[in-house]
Amino acid sequence: MRIGVLALQGDFAEHLAVLRRLGVEAREVRTPDHLADLDGLIIPGGESTTIGKLATTFRLIEPLRRFAGQKPIWGTCAGAIFLSKDVRREQPLLEVMDITVERNAFGRQVDSFEVDLRVPALEDPDRPLHAVFIRAPLIESVGKGVEVLAELPSNGSPTAASAHSGARARIVAARQGRWLATAFHPELTDDLRFHRYFLAMVEGHHGGE
Ligand code: GLN
């Protein structure tokens with residue numbers, strides 16, 4: 001199995017390190033030909049506007065969309081934003097996953113926080129997943145065919161601005177077929193279950209539709 005990590009900006013090195021720890025062949029992706037013979041791709045956290053601009057400059061937008069049409073992709077934080085169809089502002093997006101994302105949803109005063117999540121889809125589902133949120137987005141809403149994998153617990157975690165306005169906006173991990181989005185950073189902890197979950201998605205994926 002060969003997994004690429006989009007290495008334009010952000011914390012791609014941490015994802016590469018986790019993949020190598022798991023014994024997977026991992027490669028940095030900076031140009032369209034780096035996508036050849038990959039079985040899956042991770043788009044890291046960072047700054048989604050920068051990732052989008054660099055992807056445009058390096059003519060990666062269309063090749064990435066074609067890749068998404070065939071193979072599994074996982075976006076963490078800025079990567080999840082870049083994968084989404086809608087962020088309600090102008091910036092280059094892959095417009096792949098049917099999710100609406102609110103960037104920087106937790107405001108400046110709580111740029112970062114950590115919280116234990118319940119993620120029933122992971123192995124050992126009763127063990128909480130310690131999740132790191134850094135100027136994190138929130139998945140505000142999901143389309144049909146998108147499975148919600150995790151939501152913020154109602155106690156002990158910051159409230160997003162949109163939740164104040166009555167919207168039920170607490171989704172932090174979702175999957176739509178071969179696409180996965182997490183608002184937090186599993187590559188920054190020692191709990192490798194989310195990486196293993198993605199590798200199992202890649203393993204189980206046979207061709208595009
Ligand atoms: N705030 C960043 C953005 O909007 C995402 C932060 C992150 O990836 N940790 O792109």
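How many Å separate an oxygen atom of the ligand from a polar backbone atom of Ser48? The gap is 2.7 Å, and that's a handy place to begin the tour. One thing to keep in mind throughout is that you're looking at a predicted model.

Let's stay with the ligand for a bit. Ser48 isn't the end of the story, since an oxygen atom of the ligand also sits 2.9 Å from a polar backbone atom of Gly46. Then there's a nitrogen atom of the ligand, which is 2.7 Å from an N or O atom in the side chain of Asn104. On its own, the ligand would expose 300 Å², and the protein buries 96% of that. Who does the surrounding? You'll find Gly45, Gly46, Glu47, Ser48, Cys77, Ala78, Ile81, Arg103, Asn104, Ile134, Arg135 and His185 around the ligand. Sorted by class, this shell comes to four nonpolar, five polar and three charged residues.

Glu47, one of the residues around the ligand, deserves its own look. Find it in the loop between β3 (40-43) and α2 (48-57). Is Glu47 buried, partly exposed or exposed? Its relative accessible area is 24%, so Glu47 counts as partly exposed. If you skip the neighbours within four places in sequence, Glu47 is in contact with Gln9, Ala78, Arg103 and Arg135. Of these, Ala78, Arg103 and Arg135 are also listed around the ligand. There's a link to another stretch of the chain as well: Gly10 is 37 residues away from Glu47 along the chain, yet their C-alpha atoms are separated by 6.8 Å.

Now for the aromatic rings. The structure holds eight aromatic pairs. Take Phe106 and Phe113, which meet edge-to-face, with 4.9 Å centre to centre and 70° between the planes. Both of these residues, Phe106 and Phe113, are buried. Another edge-to-face pair is made by Phe184 and Phe194, at 5.8 Å centre to centre and again with 70° between the planes. What does this second pair tie together? Phe184 lies in the loop between β12 (179-182) and α6 (193-204), while Phe194 belongs to helix α6, so the pair connects parts that are ten residues apart in sequence. Phe184 and Phe194 are both buried too. Step back, and you can see that Trp74, Phe106, Phe113, Phe133, Phe184, Phe194, Tyr197 and Phe198 form one aromatic cluster.

The loop between β12 and α6 has another resident to meet, Asp191. With a relative accessibility of 16%, Asp191 counts as buried. Its side chain is joined to that of Arg193 by a polar contact of 2.8 Å. Leaving out neighbours within four places in sequence, Asp191 is in contact with Arg127, Pro128, Leu129 and Pro186.

Finally, here are two spots where the backbone does something worth noticing. Arg88 isn't a glycine, but it has a positive phi of about 55°. Look for Arg88 in the loop between β5 (84-86) and β6 (97-102), where it is exposed, with a relative accessible area of 55%. Asp124 likewise has a positive phi of about 55° without being a glycine. Asp124 sits in the loop between β7 (112-117) and β8 (129-134). At a relative accessible area of 40%, Asp124 is partly exposed.

Definitions and conventions
Residues numbered from 1 in each chain as written. Predicted model: local features only at pLDDT ≥ 70, side-chain atom pairs only at ≥ 80, totals over all residues. Heavy atoms only, no water. Near = heavy atom within 4 Å. Polar contact = N/O pair within 3.5 Å; in protein donor to acceptor, adjacent residues only side chain to side chain. Areas by Shrake-Rupley, 256 points an atom, 1.4 Å probe, with all protein chains shown as cover. Nonpolar A, V, L, I, M, F, W, Y, C, P; charged D, E, K, R; others polar. Phe/Tyr/Trp six-rings, centres within 6.5 Å; stacked < 30°, edge-to-face > 60°. Buried < 20%, exposed > 50% of the residue type's maximum accessible area, 1.4 Å probe, protein only. Helix = DSSP H or I, 4+ residues; strand = E, 2+ residues; numbered from the N terminus. Contact = heavy atoms within 4.5 Å.
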